[in-house]
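Student: I'm new to this one. Can you walk me through what holds the chain together?
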Amino acid sequence: MSQPRVFQAHAPPFCTRSHQISALFLVTATFFLTRLFDQSFPPSTCYLDHGRPSPYLSLHVAKTDGAGHLLWPERGYGSRLSLKIYVYDENEIDGLKHLLYGRDGSISTNACLKGQWASQVKIHRLLLESQFRTRKKEEADLFFVPAYVKCVRMMGGLNDKEINQTYVKVLSQMPYFRRSGGRDHIFVFPSGAGAHLFRSWATYINRSIILTPEGDRTDKRDVSAFNTWKDIIIPGNIDDGMTKAGPTIFQPWPLSKRRYLANYLGRAQKKVGRLKLIELAKEYPDKLECPELQFSGPNKLGRLEYFQHLGNAKFCLAPRGESSWTLRFYEAFFVECVPVILSDQVELPFQNVIDYTQISIKWPSTSIGPELLDYLASIPDEVIEQIIARGRQVRCLWVYAPDSEPCSTMRSLMWELQRKVRQFHQSAETFWLHNGTVVNRDFVEFANWKPPMPLP
(Lines give C-alpha, C1' and ligand atoms only; values in the text may rest on other atoms or scores of the structure.)
Protein backbone atom coordinates (compact mmCIF):
# COMPACT_ATOMS: atom_id res chain seq x y z
CA MET A 1 0.00 0.00 0.00
CA SER A 2 1.38 3.39 -0.92
CA GLN A 3 1.99 5.95 1.79
CA PRO A 4 -0.26 9.06 1.85
CA ARG A 5 1.26 12.10 0.33
CA VAL A 6 2.31 14.82 2.71
CA PHE A 7 2.53 18.40 1.41
CA GLN A 8 5.31 20.06 3.42
CA ALA A 9 7.53 21.51 0.77
CA HIS A 10 6.32 25.09 1.24
CA ALA A 11 5.26 25.03 4.90
CA PRO A 12 7.04 27.57 7.10
CA PRO A 13 9.57 26.08 9.49
CA PHE A 14 7.79 27.68 12.49
CA CYS A 15 4.85 29.95 13.37
CA THR A 16 5.67 33.15 15.19
CA ARG A 17 3.46 35.32 17.40
CA SER A 18 3.30 37.87 14.54
CA HIS A 19 1.99 35.20 12.20
CA GLN A 20 -0.77 34.29 14.63
CA ILE A 21 -1.89 37.91 15.10
CA SER A 22 -1.86 38.49 11.33
CA ALA A 23 -3.94 35.38 10.73
CA LEU A 24 -6.48 36.41 13.35
CA PHE A 25 -6.74 39.89 11.83
CA LEU A 26 -7.24 38.40 8.35
CA VAL A 27 -10.04 36.10 9.54
CA THR A 28 -11.79 38.97 11.37
CA ALA A 29 -11.48 41.35 8.41
CA THR A 30 -12.80 38.70 6.03
CA PHE A 31 -15.84 38.12 8.26
CA PHE A 32 -16.83 41.80 8.44
CA LEU A 33 -16.17 42.44 4.74
CA THR A 34 -18.35 39.46 3.85
CA ARG A 35 -21.17 40.77 6.04
CA LEU A 36 -20.85 44.22 4.49
CA PHE A 37 -20.91 42.75 0.99
CA ASP A 38 -24.00 40.68 1.77
CA GLN A 39 -25.86 43.74 3.13
CA SER A 40 -25.04 45.70 -0.01
CA PHE A 41 -27.00 43.17 -2.09
CA PRO A 42 -30.21 42.25 -0.24
CA PRO A 43 -31.70 38.91 -1.16
CA SER A 44 -34.71 38.68 -3.44
CA THR A 45 -38.09 39.65 -2.01
CA CYS A 46 -39.75 36.89 -4.02
CA TYR A 47 -41.26 34.06 -2.03
CA LEU A 48 -42.93 32.00 -4.72
CA ASP A 49 -41.39 28.84 -3.23
CA HIS A 50 -44.35 27.62 -1.14
CA GLY A 51 -44.97 31.05 0.39
CA ARG A 52 -41.82 31.16 2.52
CA PRO A 53 -40.92 34.80 3.22
CA SER A 54 -37.51 36.18 2.45
CA PRO A 55 -35.50 37.49 5.44
CA TYR A 56 -35.48 40.84 3.65
CA LEU A 57 -39.20 41.21 4.33
CA SER A 58 -38.46 42.08 7.95
CA LEU A 59 -36.75 45.34 6.94
CA HIS A 60 -38.51 48.70 7.06
CA VAL A 61 -40.24 49.98 3.95
CA ALA A 62 -38.73 53.47 4.25
CA LYS A 63 -35.98 55.23 6.19
CA THR A 64 -37.11 57.25 9.21
CA ASP A 65 -35.49 59.38 11.89
CA GLY A 66 -35.60 58.81 15.65
CA ALA A 67 -39.09 60.31 15.84
CA GLY A 68 -40.41 58.03 13.10
CA HIS A 69 -40.58 60.80 10.50
CA LEU A 70 -39.88 59.87 6.89
CA LEU A 71 -36.41 60.81 5.67
CA TRP A 72 -36.04 62.17 2.16
CA PRO A 73 -32.70 61.35 0.51
CA GLU A 74 -30.34 64.32 0.64
CA ARG A 75 -28.87 63.65 -2.79
CA GLY A 76 -30.53 66.11 -5.16
CA TYR A 77 -32.99 67.41 -2.55
CA GLY A 78 -30.94 69.23 0.08
CA SER A 79 -30.95 68.67 3.81
CA ARG A 80 -34.04 70.81 4.48
CA LEU A 81 -37.06 72.16 2.66
CA SER A 82 -36.42 75.62 1.28
CA LEU A 83 -38.63 76.79 -1.57
CA LYS A 84 -41.19 79.48 -2.38
CA ILE A 85 -44.31 78.87 -4.42
CA TYR A 86 -46.51 81.59 -5.89
CA VAL A 87 -50.20 80.67 -6.25
CA TYR A 88 -52.02 82.61 -8.97
CA ASP A 89 -55.09 84.40 -7.66
CA GLU A 90 -58.35 83.71 -9.44
CA ASN A 91 -58.92 87.46 -9.94
CA GLU A 92 -55.54 88.40 -11.40
CA ILE A 93 -55.91 86.57 -14.72
CA ASP A 94 -58.87 86.82 -17.06
CA GLY A 95 -60.34 83.38 -17.62
CA LEU A 96 -58.87 81.65 -14.56
CA LYS A 97 -62.23 81.73 -12.77
CA HIS A 98 -63.76 79.79 -15.66
CA LEU A 99 -61.26 76.97 -15.08
CA LEU A 100 -62.31 76.96 -11.42
CA TYR A 101 -66.08 77.47 -11.55
CA GLY A 102 -67.24 77.09 -15.16
CA ARG A 103 -68.26 79.58 -17.83
CA ASP A 104 -71.07 81.06 -15.69
CA GLY A 105 -69.47 80.49 -12.27
CA SER A 106 -72.12 77.98 -11.22
CA ILE A 107 -69.84 75.06 -10.24
CA SER A 108 -69.50 74.79 -6.46
CA THR A 109 -66.06 74.19 -5.02
CA ASN A 110 -67.53 71.88 -2.40
CA ALA A 111 -69.07 69.79 -5.17
CA CYS A 112 -65.57 69.41 -6.63
CA LEU A 113 -64.25 68.06 -3.33
CA LYS A 114 -65.88 64.71 -4.08
CA GLY A 115 -64.51 61.93 -6.23
CA GLN A 116 -61.11 61.29 -7.71
CA TRP A 117 -60.72 64.88 -8.97
CA ALA A 118 -60.91 66.37 -5.46
CA SER A 119 -57.11 66.50 -5.27
CA GLN A 120 -57.22 69.51 -7.62
CA VAL A 121 -59.15 71.43 -4.96
CA LYS A 122 -57.26 70.05 -1.98
CA ILE A 123 -53.80 70.84 -3.35
CA HIS A 124 -54.92 74.38 -4.21
CA ARG A 125 -56.41 75.01 -0.76
CA LEU A 126 -53.43 73.53 1.07
CA LEU A 127 -50.98 75.61 -0.97
CA LEU A 128 -52.89 78.79 -0.08
CA GLU A 129 -52.18 78.02 3.59
CA SER A 130 -48.71 76.60 3.04
CA GLN A 131 -45.64 77.85 4.85
CA PHE A 132 -43.89 77.71 1.47
CA ARG A 133 -46.28 80.12 -0.25
CA THR A 134 -45.00 83.53 -1.32
CA ARG A 135 -47.04 86.49 -2.51
CA LYS A 136 -44.13 87.95 -4.48
CA LYS A 137 -43.67 86.64 -7.99
CA GLU A 138 -40.14 87.98 -8.21
CA GLU A 139 -38.95 85.72 -5.37
CA ALA A 140 -40.90 82.61 -6.32
CA ASP A 141 -39.13 79.39 -7.21
CA LEU A 142 -42.29 77.87 -8.66
CA PHE A 143 -45.76 79.02 -9.77
CA PHE A 144 -48.99 77.11 -9.19
CA VAL A 145 -51.86 77.45 -11.68
CA PRO A 146 -55.15 76.49 -9.95
CA ALA A 147 -57.88 74.81 -12.00
CA TYR A 148 -60.68 72.36 -11.30
CA VAL A 149 -61.23 71.44 -14.93
CA LYS A 150 -61.96 67.74 -14.40
CA CYS A 151 -64.83 68.58 -12.07
CA VAL A 152 -65.96 71.54 -14.17
CA ARG A 153 -66.08 69.36 -17.28
CA MET A 154 -67.90 66.50 -15.56
CA MET A 155 -70.53 68.91 -14.23
CA GLY A 156 -71.08 70.68 -17.55
CA GLY A 157 -69.33 73.93 -16.66
CA LEU A 158 -67.02 73.82 -19.71
CA ASN A 159 -66.74 71.55 -22.71
CA ASP A 160 -63.46 70.28 -24.15
CA LYS A 161 -63.16 73.09 -26.68
CA GLU A 162 -63.82 75.75 -24.04
CA ILE A 163 -61.25 74.20 -21.68
CA ASN A 164 -58.63 74.32 -24.40
CA GLN A 165 -59.37 77.92 -25.38
CA THR A 166 -59.48 79.10 -21.77
CA TYR A 167 -56.15 77.54 -20.87
CA VAL A 168 -54.46 79.21 -23.85
CA LYS A 169 -56.03 82.54 -22.91
CA VAL A 170 -54.84 82.22 -19.31
CA LEU A 171 -51.29 81.24 -20.26
CA SER A 172 -50.96 84.20 -22.62
CA GLN A 173 -51.38 86.54 -19.65
CA MET A 174 -48.50 85.07 -17.61
CA PRO A 175 -45.14 86.78 -18.24
CA TYR A 176 -43.39 84.39 -15.86
CA PHE A 177 -44.74 81.44 -17.79
CA ARG A 178 -43.27 82.91 -20.98
CA ARG A 179 -39.96 83.64 -19.23
CA SER A 180 -39.28 79.97 -18.50
CA GLY A 181 -41.35 78.34 -21.22
CA GLY A 182 -43.55 77.07 -18.39
CA ARG A 183 -40.78 75.04 -16.76
CA ASP A 184 -41.38 76.49 -13.30
CA HIS A 185 -45.19 76.30 -13.50
CA ILE A 186 -47.23 73.58 -11.81
CA PHE A 187 -50.50 72.09 -13.09
CA VAL A 188 -52.71 69.41 -11.51
CA PHE A 189 -54.61 66.86 -13.60
CA PRO A 190 -56.07 64.37 -11.12
CA SER A 191 -57.93 61.84 -13.26
CA GLY A 192 -57.14 58.98 -15.61
CA ALA A 193 -57.16 61.35 -18.57
CA GLY A 194 -54.21 63.24 -17.10
CA ALA A 195 -53.15 66.39 -18.95
CA HIS A 196 -55.16 65.29 -21.99
CA LEU A 197 -58.06 67.23 -20.47
CA PHE A 198 -56.21 70.20 -21.97
CA ARG A 199 -56.15 69.05 -25.59
CA SER A 200 -53.24 71.26 -26.57
CA TRP A 201 -51.09 70.38 -23.55
CA ALA A 202 -48.29 69.07 -25.80
CA THR A 203 -47.98 72.48 -27.44
CA TYR A 204 -48.24 74.76 -24.42
CA ILE A 205 -47.29 72.96 -21.18
CA ASN A 206 -45.07 70.13 -22.39
CA ARG A 207 -42.21 71.55 -20.28
CA SER A 208 -44.29 72.32 -17.18
CA ILE A 209 -44.50 70.29 -13.97
CA ILE A 210 -47.62 68.14 -14.07
CA LEU A 211 -49.03 66.57 -10.89
CA THR A 212 -51.10 63.53 -11.80
CA PRO A 213 -51.88 60.00 -10.59
CA GLU A 214 -51.71 58.92 -14.24
CA GLY A 215 -48.40 57.68 -15.62
CA ASP A 216 -49.70 56.16 -18.85
CA ARG A 217 -52.49 56.85 -21.31
CA THR A 218 -51.18 55.15 -24.44
CA ASP A 219 -54.14 52.79 -24.68
CA LYS A 220 -56.18 55.54 -26.36
CA ARG A 221 -53.55 58.03 -27.49
CA ASP A 222 -50.20 57.84 -29.23
CA VAL A 223 -48.29 59.50 -26.41
CA SER A 224 -48.46 59.63 -22.63
CA ALA A 225 -48.73 63.05 -20.97
CA PHE A 226 -46.48 61.87 -18.14
CA ASN A 227 -42.73 62.48 -18.23
CA THR A 228 -40.63 60.80 -15.53
CA TRP A 229 -38.04 63.58 -15.68
CA LYS A 230 -40.27 66.55 -14.84
CA ASP A 231 -43.68 65.34 -13.67
CA ILE A 232 -44.75 63.99 -10.27
CA ILE A 233 -47.13 61.12 -9.53
CA ILE A 234 -49.62 61.97 -6.78
CA PRO A 235 -51.93 59.59 -4.87
CA GLY A 236 -55.59 59.36 -5.75
CA ASN A 237 -58.09 61.07 -3.49
CA ILE A 238 -59.43 58.69 -0.85
CA ASP A 239 -62.69 59.27 1.00
CA ASP A 240 -61.99 61.61 3.94
CA GLY A 241 -63.93 59.28 6.20
CA MET A 242 -61.12 56.72 5.81
CA THR A 243 -58.12 59.06 6.09
CA LYS A 244 -59.19 61.33 8.93
CA ALA A 245 -57.40 61.26 12.29
CA GLY A 246 -59.16 59.18 14.90
CA PRO A 247 -61.88 56.58 14.29
CA THR A 248 -62.68 56.09 10.60
CA ILE A 249 -65.98 55.02 9.04
CA PHE A 250 -64.68 51.46 8.73
CA GLN A 251 -62.30 49.63 11.05
CA PRO A 252 -60.31 46.79 9.43
CA TRP A 253 -61.29 43.25 10.38
CA PRO A 254 -58.87 40.50 11.50
CA LEU A 255 -57.70 38.28 8.66
CA SER A 256 -59.50 35.32 10.22
CA LYS A 257 -62.83 37.16 9.92
CA ARG A 258 -62.52 37.95 6.23
CA ARG A 259 -64.66 35.87 3.91
CA TYR A 260 -62.63 36.05 0.70
CA LEU A 261 -59.07 35.46 -0.33
CA ALA A 262 -59.24 38.37 -2.81
CA ASN A 263 -61.66 40.81 -4.36
CA TYR A 264 -62.06 43.36 -7.12
CA LEU A 265 -64.62 46.12 -6.69
CA GLY A 266 -65.20 48.07 -9.87
CA ARG A 267 -66.83 48.17 -13.26
CA ALA A 268 -65.81 45.86 -16.10
CA GLN A 269 -65.64 48.70 -18.68
CA LYS A 270 -64.93 46.04 -21.33
CA LYS A 271 -61.31 45.89 -20.13
CA VAL A 272 -59.59 42.54 -20.63
CA GLY A 273 -58.07 42.26 -17.16
CA ARG A 274 -61.30 43.15 -15.41
CA LEU A 275 -63.33 40.75 -17.55
CA LYS A 276 -60.87 37.97 -16.68
CA LEU A 277 -61.37 38.64 -12.97
CA ILE A 278 -65.15 38.54 -13.31
CA GLU A 279 -64.95 35.17 -15.07
CA LEU A 280 -62.47 33.91 -12.48
CA ALA A 281 -64.85 34.90 -9.68
CA LYS A 282 -67.61 32.85 -11.31
CA GLU A 283 -65.28 29.83 -11.33
CA TYR A 284 -64.02 30.37 -7.76
CA PRO A 285 -66.84 32.23 -5.94
CA ASP A 286 -65.59 31.12 -2.53
CA LYS A 287 -62.17 32.72 -3.10
CA LEU A 288 -62.75 35.79 -5.27
CA GLU A 289 -65.47 38.44 -5.03
CA CYS A 290 -66.05 40.61 -8.12
CA PRO A 291 -69.43 42.35 -7.95
CA GLU A 292 -70.23 44.76 -10.76
CA LEU A 293 -70.40 48.15 -9.06
CA GLN A 294 -73.55 50.18 -9.68
CA PHE A 295 -73.50 53.99 -9.52
CA SER A 296 -77.26 54.28 -9.17
CA GLY A 297 -80.29 52.18 -8.35
CA PRO A 298 -81.06 49.79 -5.48
CA ASN A 299 -77.78 47.86 -5.85
CA LYS A 300 -75.56 50.90 -5.45
CA LEU A 301 -73.11 50.51 -2.57
CA GLY A 302 -72.96 53.30 0.00
CA ARG A 303 -69.66 54.61 1.36
CA LEU A 304 -69.58 52.27 4.33
CA GLU A 305 -70.82 49.27 2.36
CA TYR A 306 -68.14 49.81 -0.26
CA PHE A 307 -65.31 49.76 2.29
CA GLN A 308 -66.88 46.81 4.09
CA HIS A 309 -66.77 44.81 0.86
CA LEU A 310 -63.24 45.99 0.10
CA GLY A 311 -62.04 45.02 3.57
CA ASN A 312 -63.63 41.58 3.49
CA ALA A 313 -60.64 40.04 1.68
CA LYS A 314 -56.96 39.54 2.40
CA PHE A 315 -55.91 40.84 -1.01
CA CYS A 316 -57.41 43.75 -2.97
CA LEU A 317 -56.88 43.40 -6.71
CA ALA A 318 -56.16 46.59 -8.69
CA PRO A 319 -56.43 45.94 -12.45
CA ARG A 320 -56.04 48.53 -15.19
CA GLY A 321 -59.21 50.34 -16.23
CA GLU A 322 -59.55 53.25 -18.64
CA SER A 323 -56.02 54.12 -17.59
CA SER A 324 -53.17 52.45 -15.75
CA TRP A 325 -53.74 53.84 -12.24
CA THR A 326 -56.53 52.83 -9.89
CA LEU A 327 -57.86 54.34 -6.67
CA ARG A 328 -58.30 50.86 -5.18
CA PHE A 329 -54.54 50.57 -4.79
CA TYR A 330 -54.55 53.48 -2.30
CA GLU A 331 -57.83 52.50 -0.62
CA ALA A 332 -56.43 49.04 0.12
CA PHE A 333 -53.98 50.50 2.66
CA PHE A 334 -56.83 51.93 4.75
CA VAL A 335 -58.99 48.78 4.82
CA GLU A 336 -55.72 46.91 5.42
CA CYS A 337 -55.74 44.37 2.64
CA VAL A 338 -52.64 43.75 0.53
CA PRO A 339 -52.90 45.61 -2.80
CA VAL A 340 -52.17 43.43 -5.83
CA ILE A 341 -51.35 45.52 -8.90
CA LEU A 342 -52.58 44.02 -12.18
CA SER A 343 -51.63 47.02 -14.30
CA ASP A 344 -48.27 46.66 -16.03
CA GLN A 345 -47.68 50.34 -16.93
CA VAL A 346 -48.65 51.80 -13.56
CA GLU A 347 -46.48 54.52 -12.00
CA LEU A 348 -46.43 54.95 -8.22
CA PRO A 349 -45.79 58.06 -6.09
CA PHE A 350 -42.74 58.92 -4.01
CA GLN A 351 -40.54 56.06 -5.19
CA ASN A 352 -37.52 57.93 -3.86
CA VAL A 353 -38.43 56.92 -0.31
CA ILE A 354 -40.81 53.94 -0.60
CA ASP A 355 -39.88 50.37 -1.48
CA TYR A 356 -43.14 49.11 -2.97
CA THR A 357 -41.98 45.50 -2.94
CA GLN A 358 -42.41 45.66 0.83
CA ILE A 359 -46.03 46.83 0.89
CA SER A 360 -47.70 45.44 -2.25
CA ILE A 361 -47.59 42.79 -4.96
CA LYS A 362 -47.36 43.39 -8.70
CA TRP A 363 -48.53 40.48 -10.87
CA PRO A 364 -48.45 40.29 -14.71
CA SER A 365 -51.81 41.24 -16.17
CA THR A 366 -51.23 38.53 -18.78
CA SER A 367 -51.33 35.87 -16.05
CA ILE A 368 -54.72 36.56 -14.49
CA GLY A 369 -56.12 33.11 -13.81
CA PRO A 370 -56.18 30.25 -11.28
CA GLU A 371 -52.40 30.56 -10.86
CA LEU A 372 -52.92 34.02 -9.32
CA LEU A 373 -55.33 32.66 -6.72
CA ASP A 374 -53.03 29.70 -6.00
CA TYR A 375 -50.13 32.07 -5.44
CA LEU A 376 -52.10 34.33 -3.09
CA ALA A 377 -53.43 31.34 -1.16
CA SER A 378 -49.85 30.10 -0.64
CA ILE A 379 -48.86 33.21 1.35
CA PRO A 380 -49.14 32.60 5.11
CA ASP A 381 -51.26 34.93 7.20
CA GLU A 382 -48.22 35.96 9.23
CA VAL A 383 -46.55 37.25 6.06
CA ILE A 384 -49.74 39.06 5.03
CA GLU A 385 -49.81 40.72 8.46
CA GLN A 386 -46.21 41.87 7.99
CA ILE A 387 -46.98 43.43 4.60
CA ILE A 388 -50.07 45.16 5.99
CA ALA A 389 -48.07 46.47 8.98
CA ARG A 390 -45.46 48.00 6.68
CA GLY A 391 -48.20 49.59 4.59
CA ARG A 392 -49.61 51.09 7.76
CA GLN A 393 -46.30 52.92 8.27
CA VAL A 394 -46.46 54.84 4.98
CA ARG A 395 -50.15 55.24 4.15
CA CYS A 396 -50.08 58.73 5.68
CA LEU A 397 -48.36 59.70 2.42
CA TRP A 398 -51.73 59.19 0.66
CA VAL A 399 -53.44 61.77 2.92
CA TYR A 400 -53.95 65.32 1.61
CA ALA A 401 -53.03 67.11 4.83
CA PRO A 402 -51.04 70.35 5.40
CA ASP A 403 -47.34 70.30 4.55
CA SER A 404 -46.66 71.07 8.23
CA GLU A 405 -47.57 67.43 8.91
CA PRO A 406 -44.36 65.36 8.91
CA CYS A 407 -46.04 62.61 6.87
CA SER A 408 -48.56 63.73 4.25
CA THR A 409 -49.01 64.01 0.50
CA MET A 410 -48.29 67.72 0.62
CA ARG A 411 -45.10 67.33 2.65
CA SER A 412 -43.87 64.77 0.14
CA LEU A 413 -44.83 67.04 -2.74
CA MET A 414 -42.72 69.83 -1.30
CA TRP A 415 -39.68 67.56 -1.30
CA GLU A 416 -40.35 66.46 -4.86
CA LEU A 417 -40.96 70.02 -6.04
CA GLN A 418 -37.77 71.24 -4.41
CA ARG A 419 -35.85 69.01 -6.78
CA LYS A 420 -37.51 70.78 -9.74
CA VAL A 421 -36.31 74.26 -8.72
CA ARG A 422 -33.86 75.87 -11.13
CA GLN A 423 -31.55 78.79 -10.67
CA PHE A 424 -31.60 79.53 -14.38
CA HIS A 425 -34.68 80.14 -16.56
CA GLN A 426 -34.94 80.15 -20.30
CA SER A 427 -37.36 79.59 -23.16
CA ALA A 428 -37.29 79.92 -26.92
CA GLU A 429 -38.50 83.51 -26.50
CA THR A 430 -36.13 84.71 -23.76
CA PHE A 431 -32.67 86.18 -24.32
CA TRP A 432 -30.09 87.74 -22.02
CA LEU A 433 -27.40 90.37 -22.33
CA HIS A 434 -23.93 90.79 -20.86
CA ASN A 435 -25.24 92.36 -17.64
CA GLY A 436 -27.77 89.56 -16.98
CA THR A 437 -30.75 91.52 -18.31
CA VAL A 438 -33.50 89.22 -19.67
CA VAL A 439 -35.22 90.50 -22.80
CA ASN A 440 -37.66 89.22 -25.39
CA ARG A 441 -37.14 88.96 -29.12
CA ASP A 442 -37.74 92.69 -29.48
CA PHE A 443 -35.19 93.48 -26.73
CA VAL A 444 -37.87 94.54 -24.27
CA GLU A 445 -36.74 93.94 -20.69
CA PHE A 446 -38.70 91.31 -18.77
CA ALA A 447 -40.15 93.84 -16.28
CA ASN A 448 -41.83 95.63 -19.20
CA TRP A 449 -43.45 92.63 -20.91
CA LYS A 450 -47.13 93.33 -21.59
CA PRO A 451 -49.72 90.55 -21.79
CA PRO A 452 -51.31 89.02 -23.71
CA MET A 453 -48.20 87.48 -25.22
CA PRO A 454 -48.09 85.14 -28.22
CA LEU A 455 -47.49 81.52 -27.25
CA PRO A 456 -46.00 78.73 -29.39
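Tutor: One definition to start: a disulfide is a pair of cysteine sulfur atoms within 2.5 Å. Keep in mind that this is a predicted model.

Student: How many disulfides does the count come to?

Tutor: The count is 3 disulfides.

Student: Which residue does C112 join?

Tutor: C112 is joined to C151, with an S to S distance of 2.0 Å. C112 sits in the loop between α2 (96–101) and α3 (118–128), while C151 is in helix α4 (residues 149–154). The two cysteines are 39 residues apart, and the pair links distant parts of the chain.

Student: Is the link of C112 and C151 left-handed or right-handed?

Tutor: The link of C112 and C151 is left-handed, with -80° about the S-S bond.

Student: And is C112 buried or exposed?

Tutor: C112 counts as buried, because its relative accessibility is 1% and the cut-off for buried is under 20%. C151 is also buried, with a relative accessible area of 1%.

Student: OK, next disulfide. What does C316 join?

Tutor: C316 is joined to C337, and the S to S distance is 1.8 Å. C316 lies in strand β9 (residues 313–319) and C337 in the loop between α11 (327–335) and β10 (338–342), so the disulfide ties together parts that are 21 residues apart in sequence.

Student: What about handedness for C316 and C337?

Tutor: The link of C316 and C337 is left-handed, with -115° about the S-S bond. As for burial, C316 is buried at 2% relative accessibility, and C337 is buried at 3%.

Student: Then where does C396 sit, and where is C407?

Tutor: C396 and C407 are each in the loop between α13 (381–394) and α14 (409–418), 11 residues apart. A disulfide joins C396 to C407, with S to S at 1.9 Å. The link is right-handed, with 75° about the S-S bond.

Student: Is C396 buried, partly exposed or exposed?

Tutor: C396 is partly exposed, because its relative accessible area is 23% and partly exposed runs from 20% to 50%. C407 is partly exposed too, at 22%.

Student: What is the pairing if I number the bonded cysteines in sequence order?

Tutor: The pairing is 1-2, 3-4, 5-6.

Student: Changing topic. How many salt bridges does the count come to?

Tutor: The count is 16 salt bridges. One of them is between E162 and R103, where the closest N and O atoms are 2.7 Å apart.

Student: Where are E162 and R103 in the chain?

Tutor: E162 lies in helix α5 (residues 160–171) and R103 in the loop between α2 and α3, so the salt bridge ties together parts that are 59 residues apart in sequence. E162 is partly exposed, with a relative accessible area of 23%, and R103 is partly exposed at 40%.

Student: Which residue does R178 meet in a salt bridge?

Tutor: R178 meets E429, at 3.5 Å from N to O. R178 is in helix α6 (residues 175–180) and E429 is in the loop between α14 and β12 (431–432), so this pair ties together parts that are 251 residues apart in sequence.

Student: Is R178 buried or exposed?

Tutor: R178 counts as buried, at 13% relative accessibility. Its partner E429 counts as partly exposed, at 23%.

Student: And what does E336 pair with?

Tutor: E336 forms a salt bridge with R395, the closest N and O atoms being 3.1 Å apart. E336 is in the loop between α11 and β10 and R395 in the loop between α13 and α14, so the pair ties together parts that are 59 residues apart in sequence. E336 is buried, at 13% relative accessibility.

Student: Which residues are linked in a network of salt bridges?

Tutor: R153, D160 and R199 are linked in one.

Student: α14 has come up a few times. How many of its residues are buried?

Tutor: In α14, 9 of the 10 residues are buried, so the helix is largely enclosed by the rest of the structure. Among the buried ones are M410, L413, W415 and L417.

Student: What covers them?

Tutor: The cover over the buried residues of α14 includes α3, along with β1 (85–87), β3 (142–144), β4 (185–188), β5 (209–212) and β6 (232–233).

Methods
Residues are numbered from 1 along each chain as its sequence is written. This is a predicted model: local features need pLDDT of at least 70, side-chain atom pairs count only at pLDDT 80 or more; totals for chains, interfaces and linings use all residues. Side-chain values use heavy atoms; hydrogens and water are left out. Helices (H or I, at least four residues) and strands (E, at least two) are DSSP runs, numbered from the N terminus. Buried means under 20% relative accessible area, exposed over 50%, partly exposed in between (1.4 Å probe, protein chains only). A salt bridge is a side-chain nitrogen of Lys or Arg within 4 Å of a carboxyl oxygen of Asp or Glu. Contact means heavy atoms within 4.5 Å.
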